[in-house]
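Here is a short report on one protein chain. It starts with charge, moves to overall dimensions, and ends at a single residue.

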Amino acid sequence: MDDDFEIDWETWEPSDANHATGVIRQLKVEVGQKHQIFHMLDRIQILARDGATDDVLVSNPEDHTTVFIVHPTYAKTVETNPVWPATSKIKVTSVPARILR
């Protein structure tokens, strides 16, 4: 769990359907087979986005008590290093309710 870093939730907002669709499409391009969310790409939802960065809040279909913060790279091909896109798992209880509507 990566709850040991500070998140500025002021710049976050719920994701709309168009944004979510585009981000999922992009993640399917860049996430490699060894990445921690690869096996769940067909089941994730984009919940929110950070207006100050490209970070997105992603559901965890395997554990509803946690979510992922993912920083897409916008690569045109699969990232060969499994740490990219950068991904952190946090407790869903640390996310403000206004973002999870």
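## Charge and fold

The chain carries 10 positive and 16 negative charges, and their mean positions lie 7 Å apart. Lys and Arg count as positive, Asp and Glu as negative; His and the chain ends are not counted. Each charge is placed at NZ of Lys, CZ of Arg, CG of Asp or CD of Glu.

This is a predicted model: local features need pLDDT of at least 70, side-chain atom pairs count only at pLDDT 80 or more, and totals for chains, interfaces and linings use all residues. Residues are numbered from 1 along each chain as its sequence is written, and side-chain values use heavy atoms, with hydrogens and water left out.

One helix and five strands make up the elements of the protein chain (DSSP runs: helices H or I, at least four residues; strands E, at least two). Their order from the N terminus is β-α-β-β-β-β.

| Property of the protein chain | Value |
|---|---|
| C-alpha span along principal axes | about 35 × 30 × 25 Å |
| Radius of gyration | 13 Å |
| Exposed area | about 6100 Å² |

The radius of gyration is taken over C-alpha atoms, and the globule rule is 2.2 Å times the number of residues to the power 0.38. For 101 residues, a compact globule would come near 13 Å, so the chain's value agrees. Accessible areas come from the Shrake-Rupley method with a 1.4 Å probe. Carbon and sulfur atoms supply 50% of the exposed area.

Thr 66 belongs to strand E4, residues 66-71. Thr 66 is buried (under 20% relative accessible area), at 2%.

Terms used: Buried means under 20% relative accessible area, exposed over 50%, partly exposed in between (1.4 Å probe, protein chains only).
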